[in-house]
Amino acid sequence: MNDTLNKSAMKNFDLSFEGRYARVLVNEISGIIVCELLVDYVPIEDFKETFHKISAIIRKGKFHKFIFDKRSLRAFHQPSMEWYFLDWKKEMYAEGITVHRKILPPEKWFEKMVMIAKKEILEKNPGNIIDNLDIKYCDSLEEAIIT
């Protein structure tokens with residue numbers, strides 16, 4: 001049944017690219033881009049390379065919503081999160097990405113690490129754009145698409 005829900009929710013999405021670490025899907029009509037990580041850990045340079053490719057896609061279209069599906073992760077990497085949070089989100093905000101939906105792994109420790117790191121990043125970096133963004137954590141891709 002989950003597979004049916006996934007297929008239904010994703011029927012209007014096209015595969016933009018898929019690599020060793022991530023699959024990126026787009027729905028240009030709805031202005032949504034999805035990044036689904038495929039492995040339990042992504043080295044920072046590969047993480048940045050993937051997100052630079054996503055940036056290029058965003059610049060060519062009219063996107064406003066980014067869904068980041070991290071359910072495959074089993075390792076938390078602070079430097080990657082900081083770069084994503086402080087640099088990439090700010091750059092993409094200027095391109096119109098104001099809505100962010102995140103799907104975390106089911107392990108509670110991972111969610112706790114994200115919240116601790118997020119708090120630390122915000123405290124160390126006043127003046128960030130976080131208050132300008134609509135960020136929500138979701139349990140499924142379907143929820144992320146519709147909220």
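Two strands count as paired if DSSP finds at least two bridges between them. In this predicted model, strand 1 (residues 14-18) and strand 2 meet that criterion with 4 bridges, in the antiparallel sense. L15 stands opposite L25 of strand 2. The two strands, 1 and 2, form a hairpin, with 3 residues between them.

Strand 2 also pairs with strand 3 (residues 32-37). These strands run antiparallel and are joined by 6 bridges. Here V24 faces C35 of strand 3 as its opposite residue. A hairpin again links the elements: 4 residues lie between strand 2 and strand 3. In that turn, G31 has a positive phi of about 70°. Strand 2 spans residues 22-27, and 5 of its 6 residues are buried, that is, under 20% relative accessible area. Strand 2 is therefore largely enclosed by the rest of the structure.

The sheet as a whole is open and has 6 strands. Their order is 1-2-3-4-5-6, and the pairing is mixed. Strand 1 and strand 6 (134-138) stand at the edges. Each has a single partner strand, so one side of each is left without a neighbour in the sheet. From one strand to the next, the twist averages 15°.

At the strand 6 edge, the pairing with strand 5 (residues 99-103) is parallel and comprises 5 bridges. H100 has I135 in strand 6 as its bridge partner. Helix 3 (residues 78-93) packs on the sheet. Its contacts are with strand 4 (65-69), strand 5 and strand 6. The direction of helix 3 makes about 150° with that of strand 5.

Terms used
Residues are numbered from 1 along each chain as its sequence is written. This is a predicted model: local features need pLDDT of at least 70, side-chain atom pairs count only at pLDDT 80 or more; totals for chains, interfaces and linings use all residues. Side-chain values use heavy atoms; hydrogens and water are left out. Buried means under 20% relative accessible area, exposed over 50%, partly exposed in between (1.4 Å probe, protein chains only). Axes are lines fitted to C-alpha atoms, for helices over the stretch in contact, and angles run from 0 to 180 degrees between N-to-C directions. Contact means heavy atoms within 4.5 Å.
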